[in-house]
Amino acid sequence: MPHKSGFVNIIGNPNVGKSTLMNNLVGERISIITSKSQTTRHRIKGIVNGDDFQIVYSDTPGVLQPNYKLQESMMKFSTSALVDADVILYVTDVIETIDKNEEFLKKVQNSDIPVLLLINKIDLSDQEKLNKLVDRWKVTLPKAEIFPMSATENFNVPNLFNRILELLPEGPPFFAKDELTDKPSRFFVNEIIREKILTNYDKEIPYSVEVAVEEFKDEPKIINIMAVINVERTSQKGIIIGHQGKALKKVGTEARLDMEKFFGKKVFLKLYVKVAKDWRSKDSQLKNFGYNQ
């Protein structure tokens with residue numbers, strides 16, 4: 001059998017299940033998942049290998065109209081995913097309206113790359129509504145192949161995988177066959193901590209936070225990690241820490257437990273909170289945090 005390899009980019013609006021799908025396809029928890037929108041901030045690659053294939057999936061931030069420089073950077077990740085793919089997975093669901101973000105959808109319509117349109121969360125609909133939705137999408141994206149599915153229930157995911165494999169071009173692998181992602185360990189420490197902040201705090205707090213890993217020492221029996229939680233305002237620092245430090249301790253404990261599962265060994269985690277005033281709107285800060293690159 002000839003070897004196949006290629007890049008499969010996952011795009012779509014916020015909260016349609018892109019990260020859940022990514023983790024399902026990769027078979028590992030690569031992307032963080034919460035009920036809040038704008039959870040994903042970077043392009044995250046997950047690599048799936050077989051004897052005669054390598055699929056490089058990319059999870060991308062949800063498409064939105066940027067309100068500040070961080071969101072502008074996030075949108076660059078999403079837009080670039082339209083041009084450097086061998087297959088595009090455009091994820092929608094049974095809840096959102098088809099005309100949401102029409103400008104971005106036109107770019108998908110004009111793409112010469114094969115597009116698989118995934119209508120996710122069909123477990124939340126009925127057959128009649130789903131049939132009508134499929135018919136409307138056939139008009140909107142006539143070149144796309146449509147896959148009704150449920151990423152959480154794994155419904156139609158195997159068929160999707162088989163179709164992706166058929167569409168991949170022949171070629172050698174792009175990464176070593178034992179690699180799972182292109183991101184370093186520090187990146188996943190950052191994401192795990194940020195996930196706990198997203199799930200433990202409300203309103204604007206999670207979106208005003210960026211995590212920086214200052215120290216990562218991987219020793220034979222334990223990983224020693226020191227990370228800084230950056231917030232935009234002094235008042236947010238107090239909220240993150242909480243009364244007698246209880247809120248921060250809860251985040252630290254939950255993050256450490258997830259890190260131990262992820263890395264398969266003991267973790268010692270130190271967390272600090274620091275004010276980086278208006279970091280979401282400053283190019284220099286964004287560059288330090290890995291954006292605008």
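## Strands 8 and 9

Let's start inside a sheet of this predicted model. Strand 8, covering residues 222-231, runs parallel to strand 9, and ten bridges join the pair. One place to find this pairing on screen is Ile-223, whose bridge partner in strand 9 is Val-267.

Helix 7, made of residues 234-241, packs on the sheet here, where it touches both strand 8 and strand 9. The direction of helix 7 makes about 150 degrees with that of strand 9.

## The sheet around them

Stepping back, these two strands belong to an open sheet of three strands, ordered 7-8-9, in which the pairing is mixed. Strand 7 (210-218) and strand 9 (266-275) form the edges, each pairing on one side only. On average, neighbouring strands of the sheet are turned by 15 degrees against each other, if direction is ignored.

A second helix is worth a look as well. Helix 6, residues 185-200, lies across strand 7, strand 8 and strand 9. With strand 7, helix 6 makes an angle of about 135 degrees.

## The protein as a whole

Zooming out once more, the protein has nine helices and nine strands. Of its 293 residues, 51% are buried. Among contacts with a separation of 6 or more, 72% are between residues 24 or more positions apart.

As for the outside, the accessible surface of the protein is about 14200 Å². Carbon and sulfur atoms contribute 51% of that surface.

Technical notes: Residues numbered from 1 in each chain as written. Predicted model: local features only at pLDDT ≥ 70, side-chain atom pairs only at ≥ 80, totals over all residues. Heavy atoms only, no water. Pairing = 2+ DSSP bridges. Helix = DSSP H or I, 4+ residues; strand = E, 2+ residues; numbered from the N terminus. Axes fitted to C-alpha atoms, helices over the stretch in contact; angles between N-to-C directions. Contact = heavy atoms within 4.5 Å. Buried < 20%, exposed > 50% of the residue type's maximum accessible area, 1.4 Å probe, protein only. Areas by Shrake-Rupley, 256 points an atom, 1.4 Å probe, with all protein chains shown as cover.
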